[in-house]
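Reader: I am new to this structure and should like to be guided through it by questions. May we begin once the sequence and the model are in view?

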Amino acid sequence: IIKDITEEKLSRFEGVTIDDSKKEIEELLRKAEAKEYIEFDVYYQPIVESGTKKVIAAESLLRWKNPEKGFINPVEFISVSEYLGMIGALGDVVFREAFTMCRTINKHIDSEFKMHINLSTIQLTQPDIVEHICKFARETRVKKSNIVFEVKESLAIEDMRVMQKVLIKLKQQGFFLLLDDFGIGKSSLGTLTELPFDYIKIDKSFMKAYETEQFNPNLLTAIVDLAHSLKIKVIISGIETKQQKEFLLMSDIDEYQGYYFGYPVEKDKFTFGEC
Ligand code: C2E
Ligand code: MG
Ligand code: MG
């Protein structure tokens, strides 16, 4: 377990104890709302192209630095914010920040830099979400084709039905779509053909099994071949070691993401070049 605790994880959990209840998060969220969410920030983690080793994209990840508790993990507060009806406002922080960051980076480079943004099921099922996102795109003047929305499969069939409609609309608007956490939970192959995904991201649990008996490289090859036959690009997440990277260089995976290439960092610390 000790080996698993990285600096990033430690800093995220600083001051937060296991006993912290959802009730406490709820109270802290209400205080944060009263302060117009200034405690929230967006961090960026590099995504590297396998062929060129260049940082060609970033995933935006919401960070909450609470004055009392230090960093609070998104896994702990996103579901509570959804329950309180605050995810819309938090999403707006991300759209504004990440779209602006994307436009700024693209102004400085010749190639196209893509910004990945996570959208939860609750966000996707909000009425007018597509128009809402388009409004932010207009205001920040970001190119829609530079934005990749990351969504996870939902267990609820009804959610998937609504999501399908929204995702098709986003796609028609020119945004790119990614199926996140591929390979865990449901992740049915049907989803890949029913929804217009441009990318899949293989869940970090896959590489976590590297060097254990559970690790199956043939499965990886099969996933990549299947995705490519559907014209879907493959990103793999959770790359933490040089050995993992070197193993992956022998595969046809398109893009890499993980602590080995870079931690999520604040806007001013984000660098891109070759890895
Ligand atoms: P996700 O979209 O699957 O994000 C990937 C998570 O893996 C991030 O955790 C990231 O910091 C972490 N990670 C990246 N590389 C590595 C690695 O090499 N090893 C390990 N062990 N972990 C790695 P984070 O930032 O705590 O986010 C957790 C989840 O919270 C995200 O999962 C996403 O579902 C949600 N989330 C974060 N930001 C947003 C946001 O802006 N909007 C929405 N709706 N959800 C968000
Ligand atoms: Mg994601
Ligand atoms: Mg994930």
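Reader: Is cysteine 134 buried or exposed?

Author: This model is a predicted one. A residue counts as buried when its relative accessible area is under 20%. The relative accessibility of cysteine 134 is 7%, so this residue counts as buried.

Reader: Why is the sulfur of cysteine 134 not in a bond with the closest cysteine sulfur?

Author: A disulfide requires two cysteine sulfur atoms within 2.5 Å. The closest cysteine sulfur to that of cysteine 134 belongs to cysteine 102, and it is too far for a bond because the separation is 15 Å.

Reader: How many disulfides does a search of the whole structure find?

Author: Cysteine 102 is in no disulfide, its nearest cysteine sulfur being that of cysteine 134. Cysteine 102 is also buried, with a relative accessible area of 0%. For the whole structure, the number of disulfides found is zero.

Reader: Which residues are the protein donors of the magnesium ion (ligand 2)?

Author: Along the chain, the donors follow the spacing E-x58-N-x31-E-x29-D. They lie 2.0 to 2.3 Å from the magnesium ion (ligand 2). By name and atom, these donors are Glu59 (OE), Asn118 (OD1), Glu150 (OE) and Asp180 (OD).

Reader: How many residues apart in sequence are the parts that glutamate 59 and asparagine 118 tie together?

Author: Both residues are donors of the magnesium ion (ligand 2). Glutamate 59 belongs to strand β2 (residues 55-66), while asparagine 118 belongs to strand β4 (residues 114-118), so the pair joins parts whose separation in sequence is 59 residues.

Reader: Which relative accessible area does asparagine 118 have?

Author: Glutamate 59 is buried, at a relative accessible area of 6%. Asparagine 118, by contrast, is partly exposed, and its relative accessible area is 27%.

Reader: How far apart are the magnesium ion (ligand 2) and the magnesium ion (ligand 3)?

Author: The site of ligand 2 has already been described through its protein donors, Asp180 among them. Between the magnesium ion (ligand 2) and the magnesium ion (ligand 3), the distance is 5.3 Å.

Reader: Which element supplies the largest share of the shell around ligand 1?

Author: By class, this shell has nine nonpolar, seven polar and nine charged residues. At least two residues each come from α1 (7-13), β2, α3 (74-83) and β6 (176-182). The largest share, four residues, is supplied by β2.

Reader: What percentage of the area that ligand 1 exposes when taken alone does the protein bury?

Author: A nitrogen atom of ligand 1 is 2.9 Å from an N or O atom in the side chain of glutamine 123, and a nitrogen atom of the ligand is 3.1 Å from a polar backbone atom of leucine 62. An oxygen atom of ligand 1 lies 3.4 Å from a polar side-chain atom of asparagine 73. Taken alone, the ligand exposes 810 Å², and the share of this area buried by the protein is 89%.

Reader: Where does glutamate 240 lie?

Author: Glu240 is among the residues that come nearest to ligand 1. Its relative accessibility is 41%, so glutamate 240 counts as partly exposed. Its place is the loop between β8 (233-236) and α11 (242-248).

Reader: Which residue has its backbone oxygen 2.8 Å from a polar atom of the side chain of serine 50?

Author: Serine 50 is found in the loop between β1 (40-49) and β2. With a relative accessibility of 15%, serine 50 counts as buried. The backbone oxygen at 2.8 Å from its polar side-chain atom is that of isoleucine 253.

Key
Residues are numbered from 1 along each chain as its sequence is written. Chains are lettered from A and ligands numbered from 1 in the order in which they are written. This is a predicted model: local features need pLDDT of at least 70, side-chain atom pairs count only at pLDDT 80 or more; totals for chains, interfaces and linings use all residues. Side-chain values use heavy atoms; hydrogens and water are left out. Donors are N, O and S atoms within 2.8 Å of the metal (3.2 Å for Na, K and Ca); water is not among the atoms, so sites may look incomplete. Buried means under 20% relative accessible area, exposed over 50%, partly exposed in between (1.4 Å probe, protein chains only). A residue is near a molecule or strand if one of its heavy atoms lies within 4 Å of it. A polar contact is a pair of N or O atoms within 3.5 Å; within protein, one must be able to donate a hydrogen and the other to accept it, and residues adjacent in sequence count only if both atoms are side-chain atoms. Accessible areas come from the Shrake-Rupley method with a 1.4 Å probe; for residues, only the protein chains shown count as cover. Ala, Val, Leu, Ile, Met, Phe, Trp, Tyr, Cys and Pro count as nonpolar, Asp, Glu, Lys and Arg as charged, and the others, Gly among them, as polar.
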